[in-house]
Amino acid sequence: MGLARGIERRLERLVDGLAARLFRGRIHPVELGSLLVREADLAIWETPGGWGAPNVYNVVMGGEPVDTEVLETVAVELGAFVEETALERGWRLEGPARATVRIDPSRRPADVAISTGIEKGPQPVWARLRPVAESAAPLDVAINRAVLGRGSTSDVHLPNEDVSRSHAVFWREAGSAWVGDLESANGTFVNGERVYGPTPVVEGDLLTLGRAEFVIGRA
């Protein structure tokens, strides 16, 4: 699968300005992005809520040394690229996407080495589940492919007896939000309709897990 055009444009901008110093005579930024995605594809694993991917990417490039400011600028852009790619493809990241870039003068300018890792950490809240019961507090959703359930390992904990330990999954992919049932005992419903496969949802939809009801809202 190729890079989404909007994400690709982010990398194309790196051939201009300060970052251009790094890519002169080396790999093109879009090609580097494709290598990052390939490394992610090789490292993805299956989680209870779907595919998980590394959130740390360490890039080593050959050639002459480059100013630290340039390397840091490119690293920030690559981290943002990974974040956007994860949302486009619906990957789960265990923490904020982060990249490092360093130069190894012993390597040829065309050489690129990439290693990946997992670094858990807090992520921005992207949605809130507002209980229909007025006395209950909203539940924040920060991680993508968040597992909603009664179990202690659920990303969003629901202490309701009729909610399964891993009841449903809530995620973003390709510009939309989605809900899926995880073979729960009492079912997952969107606006009263039972969910059997990935189901798109929007702000204001009613999400029902067992007998627990929530209105889907933005952060």
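Which side chains meet in a salt bridge at 2.8 Å, N to O? Select R92 and D155: their side chains make that salt bridge. Keep in mind as you click around that this is a predicted model.

**Stop 1: the two domains**

Colour residues 2-117 as domain 1 and 127-218 as domain 2, following the domain assignment of the protein. The contact between them takes 13 residues from domain 1 and 12 residues from domain 2. If you place a marker at each C-alpha centre, domain 1 and domain 2 are 32 Å apart.

Now show the surface where they meet. About 920 Å² is buried between domain 1 and domain 2, and carbon and sulfur atoms give 49% of that area. On the domain 1 side, pick out G49, L87 and R92: these lose the most area to domain 2, together 53% of what that side buries.

**Stop 2: polar links across the interface**

Go back to R92 and D155 and leave their side chains on display. The count of salt bridges between domain 1 and domain 2 is 1. Turn on polar contacts too, and the rule finds 7 residue pairs across the interface of domain 1 and domain 2, both partners at pLDDT 80 or more. Next, highlight strand 2 (50-52) and helix 4 (68-89), since each supplies at least two residues of the side of domain 1 that touches domain 2. Helix 4 gives the largest share of that side, with 4 residues.

**Stop 3: the sheet**

Switch to cartoon view and find the open sheet of 6 strands. Reading across, the order is 7-6-16-15-12-13, with antiparallel pairing. At the edges sit strand 7 (139-141) and strand 13 (193-194), each pairing on one side only.

Zoom in on strand 15 (residues 206-209) beside strand 16: this antiparallel pair is joined over 4 bridges. Select L206 and look straight across to V215 in strand 16, which stands opposite.

**Stop 4: I216**

Stay on strand 16 (residues 212-218) and select I216, which belongs to this strand. Is I216 buried or exposed? I216 counts as buried because its relative accessible area is 6%, under the 20% cut-off.

What does I216 touch, leaving aside residues up to four places away in sequence? Show R128, L129, F170, V201, V202, E203, G204, D205 and L207 to see these contacts. To finish, draw a C-alpha to C-alpha distance from I216 to V202: they are 14 residues apart in sequence and 7.1 Å apart in space.

Terms used
Residues numbered from 1 in each chain as written. Predicted model: local features only at pLDDT ≥ 70, side-chain atom pairs only at ≥ 80, totals over all residues. Heavy atoms only, no water. Buried < 20%, exposed > 50% of the residue type's maximum accessible area, 1.4 Å probe, protein only. Contact = heavy atoms within 4.5 Å. Pairing = 2+ DSSP bridges. Domains from an automatic or database assignment. Buried area = accessible area lost by both parts, 1.4 Å probe. Salt bridge = Lys/Arg side-chain N within 4 Å of Asp/Glu carboxyl O. Polar contact = N/O pair within 3.5 Å; in protein donor to acceptor, adjacent residues only side chain to side chain.
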